[in-house]
Amino acid sequence: MPDSRDRFEAAALRVHTASTLEYFGMPAADAAIAAEVLVDADLKGIESHGIAHLTWHGGYVPGLRDGRVNPTPTVRVLRETPATLALDGDGGMGVVVAVDAMDRCIARAEATGIGMVTIRNGRHFGAAGYYAERAAARGLIGMASCNTPVLAVPAGGAERAFGTNPLAFAAPIEGREPFSLDMATTAVAGGKLEIAGRQGKRLPAGWAVDAEGRSSDDPSALGQGGALLPLGSSLETSSYKGYGLGLVSDILSGVLSGAGFGMVMPRPHMGQWFAAWRIDAFRDPAEFQAEMAELADRIHAIAPAPGVDRVRIPGDKEAEARADREAHGIPLDKAVVDQLRELAAETGVSFPDPVGSPA
């Protein structure tokens with residue numbers, strides 16, 4: 001279906017987002033990092049984690065207003081080895097602290113062959129793939145994960161036990177965008193329900209249940225005591241796999257970091273985990289990247305199923321969205337634009353006009 005929403009230049013949205021965060025007390029450099037991460041999600045079509053969160057999500061402006069998010073954190077090293085770090089994020093904006101953590105992880109990987117970093121006392125860190133891709137851009141393999149407050153029932157269960165708990169993995173490919181898997185361990189990210197709600201859509205079967213554990217197509221199900229389902233949706237369709245992966249994230253991001261697993265972790269705290277490693281510790285990097293390109297080419301050559309245009313690898317869809325949105329602007333829902341303009345009226349930070357609007 002054609003997308004008739006107003007579109008906005010990525011650069012203009014970055015400037016607006018950074019200026020708004022500066023208004024609420026963040027240093028300019030940190031505000032610019034946060035804006036980059038949020039707008040990057042929108043460029044890749046991950047609208048569940050983009051600037052729509054700026055106005056209402058507790059990890060951003062509302063958190064800065066009420067103290068849940070520290071605009072000027074002092075990140076502390078709790079434990080350290082040549083290859084690892086355990087950090088306390090001091091309640092800083094998650095997307096900023098996470099960039100710092102992954103950059104430290106990359107530096108250790110480049111020095112020792114592998115790096116691993118955990119964060120406790122973290123906050124919402126946006127799309128996990130951004131951090132894994134940061135490692136891939138340096139020729140490394142990267143991973144990232146975050147545990148969140150409980151939103152999902154376990155496989156076969158009727159009460160919430162774990163969060164959306166994303167896992168991301170990225171690896172470089174010769175001459176093209178990286179292989180990049182960024183997935184919630186629930187059937188769908190919670191932000192997908194937000195999008196459905198503001199677009200007036202119902203939910204597909206297999207995404208959520210209501211407070212009684214019955215399948216629900218209501219995008220407000222979470223706010224009414226319902227829950228997300230694990231990846232796989234039901235025991236018959238292997239929901240124990242998504243549930244198991246969700247607990248892996250809980251262990252790496254929460255138990256290992258000291259943040260706590262989802263059922264005991266206090267809001268708005270979150271734990272995070274990052275890893276990166278050098279390919280030359282295992283084989284020649286050029287040969288690895290060339291074989292990654294062959295892998296991608298062989299998959300792309302597979303005949304698609306009926307009704308599908310082509311077979312993709314993880315990262316293809318986001319690369320296609322980026323190419324379109326860098327050329328033609330980022331589409332935003334009217335409700336998001338209205339919220340951003342309302343915030344702009346309060347702060348005095350001007351909101352950009354849509355692409356193609358008269359000056």
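Here are four short exercises with worked solutions on the predicted model shown above.

**Exercise 1. The nonpolar cores**

Find which residues have the most contacts inside the largest nonpolar core, and which helix gives the largest share of this core.

*Solution.*
Step 1: Start with the general idea that in soluble globular proteins, nonpolar side chains tend to be buried together.
Step 2: Here, the largest nonpolar core holds 59 residues, and Leu21, Met93, Tyr131, Phe274 and Leu332 have the most contacts inside it.
Step 3: Helix α4 (residues 94-112) supplies the largest share of this core, with 10 residues.
Step 4: There is also a second, separate core of 13 residues, and Ala171, Trp277, Ile279 and Phe288 are among them.

**Exercise 2. Around methionine 93**

List the residues that methionine 93 touches, leaving out those up to four places away in sequence.

*Solution.*
Step 1: Recall that Met93 is one of the residues with the most contacts inside the largest nonpolar core.
Step 2: Contact is counted when heavy atoms lie within 4.5 Å.
Step 3: With that cut-off, methionine 93 touches Leu21, Met26, Ala34, Gly59, Tyr60, Leu64, Val69 and Asn70.

**Exercise 3. Two packed helices**

Decide whether α2 and α4 are roughly parallel or roughly perpendicular.

*Solution.*
Step 1: Helix α2 (residues 28-43) packs against α4 at an angle of about 95 degrees, and their axes are 8 Å apart.
Step 2: Angles of 65 to 115 degrees count as roughly perpendicular.
Step 3: α2 and α4 are therefore roughly perpendicular to each other.
Step 4: Now look at who meets whom: Asp30, Ile33, Ala34 and Val37 in α2 meet Val95, Val96 and Val99 in α4.
Step 5: Sorted by class, this contact has six nonpolar residues, one charged residue and no polar ones.

**Exercise 4. Strands side by side**

Work out which strands pair with β11, and how well covered β11 is.

*Solution.*
Step 1: Strand β11 (residues 270-278) is joined to β5 (residues 140-147) by eight bridges, and the two run antiparallel.
Step 2: Check some positions along this pair: glycine 142 has alanine 276 as its bridge partner, and cysteine 146 stands opposite glutamine 272.
Step 3: Strand β4 (residues 114-122) also runs antiparallel to β11, with seven bridges, and valine 117 stands opposite phenylalanine 274.
Step 4: Eight of the nine residues of β11 are buried, so this strand is largely enclosed by the rest of the structure.
Step 5: Finally, turn to β5, where seven of the eight residues are buried. β5 also pairs with strand β6 (residues 167-173) in the antiparallel sense, over four bridges, and here alanine 144 has alanine 168 as its bridge partner.

Methods:
Residues are numbered from 1 along each chain as its sequence is written. This is a predicted model: local features need pLDDT of at least 70, side-chain atom pairs count only at pLDDT 80 or more; totals for chains, interfaces and linings use all residues. Side-chain values use heavy atoms; hydrogens and water are left out. A nonpolar core is a set of buried Ala, Val, Leu, Ile, Met, Phe, Trp, Tyr and Cys residues joined through side-chain atoms within 4.5 Å. Buried means under 20% relative accessible area, exposed over 50%, partly exposed in between (1.4 Å probe, protein chains only). Axes are lines fitted to C-alpha atoms, for helices over the stretch in contact, and angles run from 0 to 180 degrees between N-to-C directions. Angles under 35 degrees count as roughly parallel, over 145 as roughly antiparallel, 65 to 115 as roughly perpendicular and the rest as oblique. Ala, Val, Leu, Ile, Met, Phe, Trp, Tyr, Cys and Pro count as nonpolar, Asp, Glu, Lys and Arg as charged, and the others, Gly among them, as polar. Two strands pair if DSSP finds at least two bridges between them.
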